[in-house]
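This report walks through one protein model, moving from single residues to the sheet, the salt bridges and the surface. The sequence and the structure come first, and the text follows them.

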Amino acid sequence: MRTATGFTLIEILMALVVMAVLMSLAAPSLTKMVLDNRLRSQSADLMTNLAIARSEAAKRGVRVTVCASTTYASATPSCTGGGQTAWNQGYIVFADQNGDGAFTAGSDTVIKVSDPLAGGNTLATSGFNAPASADKLQYRPSGNTNLPAAGGFFRLCDNRAGATTGRQIQIGISGRPVSVTPTTACPFP
């Protein structure tokens, strides 16, 4: 006589219940991990693009401008303005031959472009020479910036509230970007 092997319906249902309980406990941690990784990735991308802008200014011997742009993907992108909160819609890095902070087709060269931020995250500035240049940052061939002596910073936030959920990229007059945990709560004040 053969013995039956396999699982009964009750055993399968119990295994599914245990798995559902474990998944419900793990889901919040997984969501937090995804959001944290997205912030770290976007912060690293911005830091890399700022470092590229600084090094390209020194290499080319001209000002390099980083500016908010909603036309970043077009053949002739422009600094579209919008002030300190326009950055999450995309930005461009370009060699600014005449140093005016505006992309001039024919003479200026696009170095890097950045797409809009994923996940509904926001990127804003503070300490830039507002309002005229709250949406642009310029690196001189020396590596210094157009920021005031106190410097400025970018603030990257997601839809969670609280100081530890965002990233702050501080930039001094020397032009070197440094990523730190913000001291004030997200979203950007």
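Asparagine 49 is a residue of helix 1. The model is a predicted one, and every value below should be read with that in mind. With a relative accessibility of 7%, asparagine 49 counts as buried, because buried means under 20% relative accessible area. If its neighbours within four places in sequence are left aside, asparagine 49 is in contact with Tyr91, Val93, Lys112 and Ser114. Helix 1 itself covers residues 9-60, strand 2 covers residues 91-96, and strand 3 covers residues 109-114.

**The sheet and the helix across it**

How are the strands of the open sheet ordered, and in what sense do they pair? The sheet has 4 strands in the order 3-2-1-5, and their pairing is antiparallel. Its edge strands are strand 3 and strand 5 (136-139), each of which pairs on one side only. On average, and with direction ignored, neighbouring strands of this sheet are turned by 15° against each other.

Strand 2 and strand 3 are joined in the antiparallel sense over 5 bridges. Alanine 95 has its bridge partner in strand 3, and that partner is threonine 109. Helix 1 lies across strand 1, strand 2, strand 3 and strand 5, and it runs at about 170° to strand 3.

Strand 1 spans residues 63-68 and includes alanine 68. The relative accessible area of alanine 68 is 0%, and the residue is therefore buried. Although alanine 68 and tryptophan 87 are 19 residues apart in sequence, their C-alpha atoms are 4.9 Å apart in space.

**A buried asparagine in a loop**

Asparagine 88 belongs to the loop between strand 1 and strand 2. Is asparagine 88 buried or exposed? Its relative accessibility is 14%, so asparagine 88 counts as buried. Apart from neighbours within four places in sequence, asparagine 88 is in contact with Pro116, Leu117, Asn121, Thr122 and Leu123.

**Salt bridges**

How many salt bridges does a search of the whole structure find? The search finds 3, and they are set out in the table with the separation of their N and O atoms.

| Acidic residue | Basic residue | N to O distance |
|---|---|---|
| Aspartate 36 | Lysine 32 | 2.7 Å |
| Glutamate 56 | Lysine 59 | 3.2 Å |
| Glutamate 56 | Arginine 60 | 2.6 Å |

Aspartate 36 and lysine 32 both lie in helix 1, where they are 4 residues apart, or about one turn of the helix. Aspartate 36 is buried, with a relative accessible area of 16%, whereas lysine 32 is partly exposed at 47%.

Glutamate 56 takes part in a salt bridge with lysine 59 and in another with arginine 60, and Glu56, Lys59 and Arg60 are thus linked in a network of salt bridges. Within helix 1, glutamate 56 and lysine 59 are 3 residues apart, about one turn of the helix, while glutamate 56 and arginine 60, also both in helix 1, are 4 residues apart, again about one turn. The members of this network can also be described by their accessibility. Glutamate 56 counts as buried at 12% relative accessibility, lysine 59 is exposed with a relative accessible area of 62%, and arginine 60 is partly exposed with a relative accessible area of 37%.

**A nonpolar patch on the surface**

Which residues form the nonpolar patch on the surface? The patch is made up of Phe7, Leu9, Ile12, Leu13, Leu16, Met19 and Met23, which together have about 790 Å² of accessible area. One of these residues, isoleucine 12, is found in helix 1. Isoleucine 12 has a relative accessibility of 40% and so counts as partly exposed, which fits the requirement that residues of a patch have over 30% relative accessible area.

Technical notes. Residues numbered from 1 in each chain as written. Predicted model: local features only at pLDDT ≥ 70, side-chain atom pairs only at ≥ 80, totals over all residues. Heavy atoms only, no water. Patch = residues over 30% accessible without salt bridge, like charges linked within 9 Å, V, L, I, M, F, W, Y side chains within 5 Å. Areas by Shrake-Rupley, 256 points an atom, 1.4 Å probe, with all protein chains shown as cover. Salt bridge = Lys/Arg side-chain N within 4 Å of Asp/Glu carboxyl O. Helix = DSSP H or I, 4+ residues; strand = E, 2+ residues; numbered from the N terminus. Buried < 20%, exposed > 50% of the residue type's maximum accessible area, 1.4 Å probe, protein only. Pairing = 2+ DSSP bridges. Axes fitted to C-alpha atoms, helices over the stretch in contact; angles between N-to-C directions. Contact = heavy atoms within 4.5 Å.
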